[in-house]
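Here's a quick walk through the fold, the helix packing and the charged pairs. Have the viewer open as you read.

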Amino acid sequence: MIDKRSSDNQTETTMYDLAERLGVSVSTVSRALSGAPSIGEETRQRVIAAARAANYTINPTARNLRQRTSRTIEVIFPLAATGIQQIADPFYLDMLAVVAEALGERDFDLLLAHKVPWKVEPSKRNNRTDGTILIGQGQDMAALRAYAASNRNLVVWGARTPADQHLTVGTDNVDGGFLATEHLIHIGSRRIAFIGDPVEPEIEQRREG
């Protein structure tokens, strides 16, 4: 779908205008302005120069419709809804800041949520995002795996387990548990307690370490 002139007397330059002036197709103008590698550098520069001269600006909504993308990533913090760990936790705030910065650098928007999609009615799920980042696995791994099986644009921050088929990003929890225990032993501790729910993969791996 490409911007067209409205039926009123609007004189704003469109891609059609640029294509007509340059003697090229509208798709060539679109690809040149989006930085597509299939367009030669000479043609790209001609299109960019013509767009600047005409004060042409890309309509983000129209561009996204053409590309069938929302350029929005949903970031879900499921732990924020438990009442035990909140998004105000410095760890989560730091992670959110890093993700937001990375998305911004790539011209993506961020949609923040706290309910995992498999606990939301299908009719109320957000289907207008290009992908989902889930910060934390929680305890219902079966539901997570079932959801991931039909939603490939999903990345989970957590612990990788043999049964997982989805992409997981995280730290070495086993080594982290080992280093923490080693430090306590080094400073003279002998009776060491572990506090955490091993139902969650990250917690279980830390206990293993």
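## Overall layout

Going along the sequence, the order of elements in the protein chain is α-α-α-α-β-α-β-β-α-β-β-α-α. That's eight helices and five strands. Keep in mind that what you're looking at is a predicted model.

How much of the protein chain is buried? Of its 209 residues, 33% count as buried.

## A buried serine in α2

Helix α2 covers residues 26–34, and Ser30 has its place there. Ser30 has a relative accessibility of 18%, and buried means under 20%, so Ser30 counts as buried. If you want a distance to check, try Ser30 and Tyr16: 14 residues separate them in sequence, and their C-alpha atoms are 9.9 Å apart in space.

## Salt bridges

How many salt bridges are there? The count comes to six, and three of these are worth a look here.

Start with helix α3, residues 41–53, which holds both Arg44 and Glu41, three residues apart, or about one turn of the helix. Their side chains meet in a salt bridge, with 3.3 Å from N to O. Is each partner buried or partly exposed? Arg44 is buried, because its relative accessible area is 13%, under the 20% limit. Glu41 counts as partly exposed because its relative accessibility is 48%, which sits between the 20% and 50% limits.

Next comes the salt bridge between the side chains of Arg71 and Asp107, at 3.9 Å from N to O. This pair links distant parts of the chain, the two residues being 36 residues apart. Arg71 is in the loop between α4 (60–67) and β1 (72–76), while Asp107 is in the loop between α5 (90–105) and β2 (109–113). Arg71 has a relative accessible area of 18%, so Arg71 is buried. Asp107 has 44%, so Asp107 is partly exposed.

The third one is in helix α8, where Arg207 and Glu204 both lie, three residues apart, about one turn of the helix. Arg207 forms a salt bridge with Glu204, and their closest N and O atoms are 2.9 Å apart. Here Arg207 counts as partly exposed because its relative accessibility is 47%. Glu204 also counts as partly exposed, because its relative accessibility is 28%.

## How α7 and α8 cross

Packed helix pairs come down to a couple of numbers: two packed helices are described by the angle between their axes and the distance between the axes. For α7 and helix α8 (residues 201–208), the axes come within 6 Å and cross at roughly 45°.

Why are α7 and α8 called oblique to each other? Angles under 35 degrees count as roughly parallel and 65 to 115 as roughly perpendicular; the roughly 45° crossing fits neither range, so α7 and α8 are oblique to each other. As for handedness, the crossing of α7 and α8 is right-handed.

## A nonpolar patch on the surface

Which residues make the nonpolar surface patch? Leu184, Ile185, Ile187 and Ile192 do, and the patch comes to about 320 Å². One of these, Ile185, lies in helix α7, residues 173–186. Ile185 has a relative accessibility of 44%, so Ile185 counts as partly exposed. That value is over the 30% a residue needs to be part of a patch.

Terms used:
Residues are numbered from 1 along each chain as its sequence is written. This is a predicted model: local features need pLDDT of at least 70, side-chain atom pairs count only at pLDDT 80 or more; totals for chains, interfaces and linings use all residues. Side-chain values use heavy atoms; hydrogens and water are left out. Patches are made of residues with over 30% relative accessible area and no salt bridge: like charges are joined within 9 Å, nonpolar side chains (Val, Leu, Ile, Met, Phe, Trp, Tyr) within 5 Å. Accessible areas come from the Shrake-Rupley method with a 1.4 Å probe; for residues, only the protein chains shown count as cover. A salt bridge is a side-chain nitrogen of Lys or Arg within 4 Å of a carboxyl oxygen of Asp or Glu. Helices (H or I, at least four residues) and strands (E, at least two) are DSSP runs, numbered from the N terminus. Buried means under 20% relative accessible area, exposed over 50%, partly exposed in between (1.4 Å probe, protein chains only). Axes are lines fitted to C-alpha atoms, for helices over the stretch in contact, and angles run from 0 to 180 degrees between N-to-C directions. Angles under 35 degrees count as roughly parallel, over 145 as roughly antiparallel, 65 to 115 as roughly perpendicular and the rest as oblique. A crossing is left-handed if the near helix is turned anticlockwise from the far one by less than a right angle, and right-handed if clockwise.
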